[in-house]
Amino acid sequence: MQIDGVPAFQDNYLWVIAAGGRAAVVDPGDADPIEAFLAREGLELTAILATHHHGDHVGGLAELAAHWKCPVFGPAGERIAGLTQRLSEGERIEVPGIGASFEVLDVPGHTAGHIAYVHRGAAPLLFCGDTLFACGCGRLFEGTPEQMAASLAKLAALPRETRAFCAHEYTLSNIRFAEAVEPGNARLRSRKAHEAAKRAHNQPTVPMLIGEELDTNPFLRCTEPEVIASAERHAGRRLAGPVEVFAELRQWKNNF
Ligand SMILES: [Zn+2]
């Protein structure tokens, strides 16, 4: 199984999972770059997977489905035209054509019905849309901090070696925020150096490893003393627990 990030728009990655000449695409916000990639690689599209309803994730869905006549998987709880299979927590799918199975997690917060796709096994994979980013997390457009914190906790519980494929290249700006929250985190400093080197060579920083996120992503570290202290300093008051710390960090990041 080979996974490629097809760049689109300003900073999106549209993920193509290919095996044996067939491919599935995750979150095709635009059909054109996907069609160009499939043509260049000689791939046949056999499935489309969507994580949530935002246009930069589903904008190319109808055109690709019409061309390739393939099934379209997506969240049961969102209105997305053209879905042929509506999924929610605990369901398992066999993605046609590529011989891979995925389990569905409900991860509300960025949007109300956002789902994530998890492939378990020797080389675990996560397609998390706009829920978890490298060193960051999605904005709360439709959900509460409680929901998003619970969604992130589900992703944080995956094996450390899980490769997580998020939908945007936000890593360096996320790391700048993480440093403001946790200036004492040495692993964050070394991560900054190696992610900056990748960007300097125009390489993606995604996928990221869940283990590295646990060590450096402040939104997954709301019980760490330095993270709590920084959030409380920013709030100007005591915070009552990890969800309040998370909510303060998210608010702080929105204006960072
Ligand atoms: Zn989104």
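In this predicted model, Ser230 is in contact with Ala180, Val181 and Trp252, leaving aside its neighbours within four places in sequence. Ser230 belongs to helix α8. The residue is buried, since its relative accessible area of 3% falls under the 20% cut-off.

Glu224 lies in the loop between α7 (210–216) and α8 (225–235). With a relative accessible area of 32%, Glu224 is partly exposed. Pro242 follows at a separation of 18 residues in sequence. The C-alpha atoms of Glu224 and Pro242 are 9.3 Å apart in space.

The zinc site draws on three histidines and one aspartate. His52 and His110 each coordinate the ion through NE2, His54 through ND1, and Asp130 through OD. These donors lie at 2.2 to 2.3 Å. The angles subtended by the 4 donor atoms run from 91 to 166°, which makes the arrangement irregular. A tetrahedral assignment would require all angles to lie between 85 and 135 degrees. In sequence, the donor residues follow the spacing H-x1-H-x55-H-x19-D. Distant parts of the chain are thereby linked by the pair His54 and His110, which are 56 residues apart. His54 sits in the loop between β4 (44–49) and α2 (55–58). His110 sits in the loop between β8 (100–106) and β9 (115–119). Both residues are buried: the relative accessible area is 18% for His54 and 4% for His110.

Strand pairing was examined next. β4 pairs with β5 (residues 72–75) in the parallel sense, over 2 bridges. Here Leu49 stands opposite Phe73 of β5. β5 in turn runs parallel to β6 (residues 85–87), with 3 bridges joining the two strands. Pro75 has Leu87 in β6 as its bridge partner.

β7 and β8 are antiparallel and share 4 bridges. Glu94 stands opposite Ser101 in β8. The two strands form a hairpin, with 4 residues between them. In the turn, Gly97 has a positive phi of about 95°. Side chains alternate along β7 (residues 92–95). Ile93 and Val95 point to one face and are buried. Arg92 and Glu94 point to the other face and are not buried.

Helix α1 (residues 31–41) has two contrasting faces. Its buried residues are Ala31, Ile34, Glu35, Phe37 and Leu38. They cover an arc of only 165° around the axis, which puts them on the same side of α1. An α-helix has 3.6 residues a turn, so residues three or four places apart point the same way. The cover over the buried residues of α1 includes β1 (2–8), β2 (12–19), β3 (22–26), β4 and α3 (61–68). The face turned away from this buried side carries the exposed residues Asp32, Ala39 and Arg40.

Both ends of α1 show local features. Asp30 caps the N-terminal end. A side-chain oxygen of Asp30 lies 3.3 Å from the backbone nitrogen of Asp32. Just after the helix, Gly42 takes a positive phi of about 65°.

Key. Residues numbered from 1 in each chain as written. Predicted model: local features only at pLDDT ≥ 70, side-chain atom pairs only at ≥ 80, totals over all residues. Heavy atoms only, no water. Donors = N, O, S within 2.8 Å, 3.2 Å for Na, K, Ca; no water. Tetrahedral: all angles 85-135°; square planar, octahedral: opposite > 155°, others 65-115°. Buried < 20%, exposed > 50% of the residue type's maximum accessible area, 1.4 Å probe, protein only. Pairing = 2+ DSSP bridges. Arc of directions from axis to C-beta. Contact = heavy atoms within 4.5 Å. Polar contact = N/O pair within 3.5 Å; in protein donor to acceptor, adjacent residues only side chain to side chain.
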